[in-house]
Amino acid sequence: MDSLSCLVLRISVLLYGTCGVLAPIPGISEPEFIRRCVLAHNAHRSRASPTTASLRSVSWDKELAKGARDRARHCKASHGPSMPHFGHPLFGWMGENIWLGVPFSAFSVENAVQRWNNERAYSLKNNNCSRLCGHYGQLMWSTSFKMGCAVNVCTKGIENFSTHPESTIFVCNYGDTGHVHGVTPYISGVACSGCGSEICRNNVCRHDWFPGWDYGPTSSAQSFSYWLIYVGLCLQGVCWLLDFYATH
């Protein structure tokens, strides 16, 4: 391999290793990330089987998303202790779902939520499940109407899961909390028959209440700044390599 080809290869490796993994990680204020998280959850909730009488739709909550981000940054393959969400003005307690995977390219919001839904070995009649179904129970918890999610790449690995430098964790927090022991995720019945004054849409009760602290998705200005910084670091690395080969 000639020196030019070697240089191109090394630059490609640098760009992928430095920029390829971290650059596409969405922030908790990214409108598209928020849209996909909410859409994926509501899609499964609307297809609950048996049908549910009063399962509510979920919408984004930035405080719950902040909690999910903090949890994801711990890089641990375990749920946090059942504890109150002290920073939230409404929910004393929150629910939590976690997805783990390697590499980062294996992650998508839709695949993660689908995996939780795949745990649906739950019997409403007997109020039990034949295997692990905690994630499904929270996904389908009828009174949860707010959610917030975050994804993180743990370059030093995830405790009790993987040491891979692209170990990825996706966390969603919910209010109010779900999967309470001894309580079914939802009450079966004619779809939307228990919505009351709420609007029925796609077989769930639409609950679009936005409290005073929840102003919906913010702009992507912060994420844009993040991209600029990372592009700068990538270019700096390329310049360093070019200078190195020019002087050696």
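A polar contact is a pair of N or O atoms within 3.5 Å. In this predicted model, one such pair joins the side chain of N173 to the backbone oxygen of L64, at 3.5 Å. The protein has six helices and eight strands. Of its 248 residues, 44% are buried. The notes below go from the overall fold to strand β6, helix α3, the α2–α4 pair and W141.

**Overall fold**

- The order of elements along the sequence is α-α-β-α-β-α-β-β-α-β-β-β-β-α.
- Contacts across long stretches of sequence are frequent: among contacts between residues at least 6 apart, 75% join residues at least 24 apart.

**Strand β6: N173 and C172**

- N173 sits in strand β6, which spans residues 167-175.
- N173 is buried because its relative accessibility is 0%, and the cut-off for buried is under 20%.
- The side chain of N173 places a polar atom 3.5 Å from the backbone oxygen of L64.
- Beyond residues up to four places away in sequence, N173 touches L64, G67 and A68. Its other contacts of this kind include M94, G95 and E96, as well as K146, M147 and G148.
- C172 also belongs to strand β6.
- C172 counts as buried, at 0% relative accessibility.
- The C-alpha atoms of C172 and A68 are 5.7 Å apart, although 104 residues separate the two along the chain.
- Setting aside neighbours within four places in sequence, C172 contacts A68, G95, E96, N97, G148 and C149 among others. H41 and W116 are also among its partners.

**Helix α3**

- Helix α3 covers residues 62-72, and its buried residues are E63, L64, A65, G67, A68, R71 and A72.
- The cover over these buried residues includes β1 (59-60), β2 (95-101), β5 and β6.
- Two of the buried residues, L64 and A68, are four places apart in the helix. An α-helix has 3.6 residues a turn, so residues three or four places apart point the same way.
- At the start of α3, a side-chain oxygen of D61 comes within 3.0 Å of the backbone nitrogen of E63.

**Helices α2 and α4**

- The axes of α2 (residues 31-46) and α4 (residues 109-117) come within 9 Å and cross at roughly 25 degrees.
- That angle makes the two helices roughly parallel, because angles under 35 degrees fall in that class.
- The crossing of α2 and α4 is right-handed.
- From α2, the contact involves F33, R36, C37, A40, H41 and H44. From α4, it involves V109, E110, V113, Q114, W116 and N117.
- Those contact residues divide into six nonpolar, four polar and two charged.
- H44 lies in α2 and is buried, with 7% relative accessibility.
- Apart from neighbours within four places in sequence, H44 contacts V113, Q114 and N117, along with L139 and M140.
- H41 and W116, both in the α2–α4 contact, also contact C172.

**W141**

- W141 lies in the loop between α5 (134-139) and β5 (146-154).
- W141 is buried, since its relative accessible area is 6% and the limit is under 20%.
- The C-alpha atoms of W141 and G178 are separated by 5.4 Å, with their positions 37 residues apart along the chain.

Note on methods
Residues are numbered from 1 along each chain as its sequence is written. This is a predicted model: local features need pLDDT of at least 70, side-chain atom pairs count only at pLDDT 80 or more; totals for chains, interfaces and linings use all residues. Side-chain values use heavy atoms; hydrogens and water are left out. Buried means under 20% relative accessible area, exposed over 50%, partly exposed in between (1.4 Å probe, protein chains only). Axes are lines fitted to C-alpha atoms, for helices over the stretch in contact, and angles run from 0 to 180 degrees between N-to-C directions. Angles under 35 degrees count as roughly parallel, over 145 as roughly antiparallel, 65 to 115 as roughly perpendicular and the rest as oblique. A crossing is left-handed if the near helix is turned anticlockwise from the far one by less than a right angle, and right-handed if clockwise. Contact means heavy atoms within 4.5 Å. Ala, Val, Leu, Ile, Met, Phe, Trp, Tyr, Cys and Pro count as nonpolar, Asp, Glu, Lys and Arg as charged, and the others, Gly among them, as polar. A polar contact is a pair of N or O atoms within 3.5 Å; within protein, one must be able to donate a hydrogen and the other to accept it, and residues adjacent in sequence count only if both atoms are side-chain atoms.
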